[in-house]
Amino acid sequence: MPLILRVDVDNGYLYGKSKMLTLLNYINENYLHIVLPHLGYLKHLAEFLRVLNELGLKASLFFKYITIPHAKLKSVILSNNNLEVGLHLLSAVTYEQFIEEVKKIESAFNRRIHGFTKHGDGDIKLSRRHAWRYEPKKYVEWCAKAGLKYFAGNEHVIPTRCIKIDNSFYFRGVFYIEPFARKIKKTVKDVVDLVDSDEVVVALIHPCNFVRYNIVQKEFYRLISNVEKVYSFIEFLQNIRQVI
């Protein structure tokens, strides 16, 4: 069974690289959405996308409404048939607010999205805009009500369960490629063994961490070089589950 690659685009700027970028990222996260490509807005995403393209990998990219790409980068994404776009839910606490975030992503990319992820797993509030509570039951209900195909959750468990609810699917668990973010004692080898034994694993990476940390790059390459095929969520549902 496949490895599904989930890419959460959390940060607009590569914080930690310099004081200026860290400040820009802080402002973007908490106060004002600032899109300055010449100062590095989503430069880390562009670098990660080049890697995906060179490797011919498929992936699902999830954007906050404050990390929507600028026109040039958006064109790169839309021209690559290996990439799926979805929502990385940030602020919504009601269904109406959820739909607003969905529409922002759909409007930005001029296409219907099929699924979404949630920013944070309920441990801490990460910014002023962040609705920090993690309520998967509610998100699954929103997913079905909105006619979306799936919600990909944040529970630190592998393999994941792909649960069908009405005409939508709930992917409960995720494996963090970033070793410092894992809350379970599982390794890349464990993931490879599970995929080889026909289990479904969702692997999560953040482009910002890929660029910042060599250990994340090593874990990423170790993982993808040892699995037969990498899927996006929508390809998995289309070709494996045949539900669309």
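**Exercise 1. Classify Glu54 as buried or exposed, and place it in the fold.**

Start with accessibility: Glu54 has a relative accessible area of 67%, so it counts as exposed. The cut-offs here are under 20% relative accessible area for buried, over 50% for exposed and partly exposed in between, with a 1.4 Å probe and protein chains only. Next, the element: Glu54 belongs to helix H2 (residues 43-55). Helices (H or I, at least four residues) and strands (E, at least two) are DSSP runs, numbered from the N terminus. Last, a distance: 26 Å separates the C-alpha atoms of Glu54 and Ala181, which are 127 residues apart along the chain.

Some ground rules before you go on. This is a predicted model, where local features need pLDDT of at least 70, side-chain atom pairs count only at pLDDT 80 or more, and totals for chains, interfaces and linings use all residues. Residues are numbered from 1 along each chain as its sequence is written, and side-chain values use heavy atoms, with hydrogens and water left out.

**Exercise 2. Work out which strands pair with S1, and how enclosed S1 is.**

Take burial to begin with. Seven of the seven residues of strand S1 (residues 3-9) are buried, so the rest of the structure largely encloses it. Now split the strand by side: Leu3, Leu5, Val7 and Val9 point one way, while Ile4, Arg6 and Asp8 point the other way.

Then go through the partners (two strands pair if DSSP finds at least two bridges between them):

- S9 (residues 201-205) pairs with S1 in the parallel sense over five bridges, and Val7 stands opposite Ile205.
- S2 pairs with S1 over four bridges, also parallel; here Arg6 faces Ser60.
- S10 (residues 230-231) runs parallel to S1 and is joined to it by two bridges, with Leu3 opposite Val230.

**Exercise 3. Find what kind of ring pair Phe63 and Phe109 make, then do likewise for Phe98 and Phe116.**

The structure holds 23 aromatic pairs. Rings of Phe, Tyr and Trp (its six-membered ring) pair if their centres lie within 6.5 Å; planes under 30 degrees apart are stacked, over 60 edge-to-face, and the rest tilted.

For Phe63 and Phe109, the ring centres are 5.3 Å apart and the planes sit at 40°, so this pair is tilted. It links distant parts of the chain, 46 residues apart: Phe63 is in strand S2 (residues 59-63) and Phe109 in helix H4 (residues 95-109). Both Phe63 and Phe109 are buried.

For Phe98 and Phe116, the centres are 4.8 Å apart and the planes at 55°, so the pair is tilted. Phe98 lies in helix H4 and Phe116 in strand S4 (residues 115-118), so parts 18 residues apart in sequence get tied together. Phe98 is buried at 0% relative accessibility, and Phe116 is buried with a relative accessible area of 0%.

**Exercise 4. Say which residues touch the most other members of the largest nonpolar core.**

A nonpolar core is a set of buried Ala, Val, Leu, Ile, Met, Phe, Trp, Tyr and Cys residues joined through side-chain atoms within 4.5 Å. The largest has 65 residues, and Ile77, Phe98 and Phe220 touch the most other members. Helix H4 gives the largest share of this core, seven residues. Zoom in on Phe220: leaving aside neighbours within four places in sequence, its contacts (heavy atoms within 4.5 Å) include Leu5, Phe48, Ile177 and Ile205.
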